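Please look through the model below with two topics in mind, the packing of a pair of helices and the surroundings of a single side chain.

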Amino acid sequence: RFNRASKMRQARVPAPGAPRQADPLPRRRRRILLAVAPVILVLVAIWFLFSTFQPLKGDGEGEVRVVIPQQASVGDIAKRLEKAGVVDSSFFFQVRTTVGGDRGALRPGLYTLKKDMSYSAAIGELTQGPPANVVQVTVPEGRSRGEVADIVKDAGLRGSYSTASLRNSELNPARYGGRKAKNLEGFLFPSTYELKKGATARALVREQLETFKKNIRKVDLKAARKANLSPYEVLIIASMIDREAQLAKERPIISSVIYNRLRDDIPLGIDATIRFATDNWSDPLTESDLKISSPYNTRTRQGLPPGPIGSPGLAAIRAAARPRRTAFLYYVVKPGSCGEHAFSKTFEQFQKDARRYDTAREQRGGKSPQDC
């Protein structure tokens with residue numbers, strides 16, 4: 001038996017140099033793939049067309065407000081719609097606008113749209129534009145009452161914004177620690193508001209205060225309380241942050257510098273407070289401006305100014321309520337960095353950074369070197 005089994009195994013082994021028999025399995029795989037590939041391609045094409053044109057999708061339900069800024073790209077618009085739950089996919093929304101030739105027809109404004117809309121329904125709303133009987137007022141983050149007054153006037157609202165924003169029954173600053181507040185500066189929440197044509201500036205102020213109360217509830221104030229800061233003082237710090245920080249990532253760092261200087265009894269030295277006192281937000285500050293006798297001159301006076309220098313946005317309020325832990329005491333703009341700052345712990349390093357800034361400014365004829 002042993003010899004017979006050995007002979008059988010030997011018989012199965014091909015002789016050296018003999019041609020091997022081709023394995024039929026790869027051929028079968030190729031034939032299967034060739035047969036299945038067209039089916040897969042057809043299914044993918046059907047899925048792509050179905051996802052793009054959504055033949056079974058309705059007009060949506062509920063209401064959601066979406067702001068489409070001026071000069072927003074189709075990609076930016078698509079991301080906003082997806083984030084708000086208006087459309088399923090920002091990618092397929094862009095595909096749908098491209099296929100339909102609507103990329104250049106989407107209009108900016110404040111829209112009241114629906115959740116889970118089809119791409120065609122959403123595009124129809126955005127190409128038609130916002131309602132004609134509605135006035136949209138966009139209040140940028142950190143702007144002062146005086147600056148917003150000009151925006152409100154240009155929007156055509158009735159009445160004086162400066163007067164309307166002095167006080168309002170909707171909000172009492174004393175509840176937030178602002179017992180000595182002379183007006184509602186700091187509480188006039190920045191956003192885009194939709195009002196009926198013919199609305200008053202007081203109606204806008206009421207909406208701003210309502211929006212502020214909704215947003216301040218989202219802020220964790222524990223760290224600020226530990227530093228013995230009231231919500232009103234947090235708003236003061238946040239208003240300075242909104243003026244100083246041009247990059248979102250720097251808000252908590254600038255907040256830490258303010259906290260550290262308050263702790264060490266060092267004047268804050270924030271020129272935005274002087275600009276607020278002099279109502280000069282664009283022209284270079286003069287030597288006399290920097291020496292102005294005002295409680296808002298944080299170069300010559302220690303501590304916080306008596307009130308906010310504008311109404312901050314939610315990101316700045318959060319940064320003011322919870323600063324990053326650093327040892328930084330100084331900062332100055334890095335030339336040609338799109339507004340990025342160089343932070344330092346020592347006055348010697350700050351002087352080096354400041355000299356670099358001054359040199360770049362002189363080379364530009366006295367203009368700020370913070371541009372990219």
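In this predicted model, helix H10, which spans residues 231–244, packs against helix H11, residues 251–263, at an angle of about 130°, and the two axes are 10 Å apart. Because angles over 145 degrees would count as roughly antiparallel and those from 65 to 115 as roughly perpendicular, H10 is described as oblique to H11. The crossing of H10 and H11 is, moreover, right-handed.

On the side of H10, the contact is formed by Ile-237, Met-240, Ile-241, Asp-242 and Glu-244, while H11 contributes Arg-251, Ile-254, Ser-255, Ile-258, Tyr-259 and Leu-262. Sorted by character, the residues in this contact of H10 with H11 comprise seven that are nonpolar, one that is polar and three that are charged.

The second topic is a residue in a loop. Asn-297 lies in the loop that runs between helix H13 (287–290) and helix H14 (314–321). Is Asn-297 buried or exposed? Its relative accessible area is 0%, and since buried means under 20%, Asn-297 is classed as buried.

The polar partners of this side chain can be followed in turn. The side chain of Asn-297 reaches the backbone oxygen of Leu-290 at 3.0 Å, and a polar atom of the Asn-297 side chain also lies 2.8 Å from the backbone oxygen of Ile-292. Leaving aside residues up to four places away in sequence, Asn-297 touches Ile-274, Asp-289, Leu-290, Lys-291 and Ile-292, a list in which both Leu-290 and Ile-292 reappear.

Terms used: Residues are numbered from 1 along each chain as its sequence is written. This is a predicted model: local features need pLDDT of at least 70, side-chain atom pairs count only at pLDDT 80 or more; totals for chains, interfaces and linings use all residues. Side-chain values use heavy atoms; hydrogens and water are left out. Axes are lines fitted to C-alpha atoms, for helices over the stretch in contact, and angles run from 0 to 180 degrees between N-to-C directions. Helices (H or I, at least four residues) and strands (E, at least two) are DSSP runs, numbered from the N terminus. Angles under 35 degrees count as roughly parallel, over 145 as roughly antiparallel, 65 to 115 as roughly perpendicular and the rest as oblique. A crossing is left-handed if the near helix is turned anticlockwise from the far one by less than a right angle, and right-handed if clockwise. Contact means heavy atoms within 4.5 Å. Ala, Val, Leu, Ile, Met, Phe, Trp, Tyr, Cys and Pro count as nonpolar, Asp, Glu, Lys and Arg as charged, and the others, Gly among them, as polar. Buried means under 20% relative accessible area, exposed over 50%, partly exposed in between (1.4 Å probe, protein chains only). A polar contact is a pair of N or O atoms within 3.5 Å; within protein, one must be able to donate a hydrogen and the other to accept it, and residues adjacent in sequence count only if both atoms are side-chain atoms.
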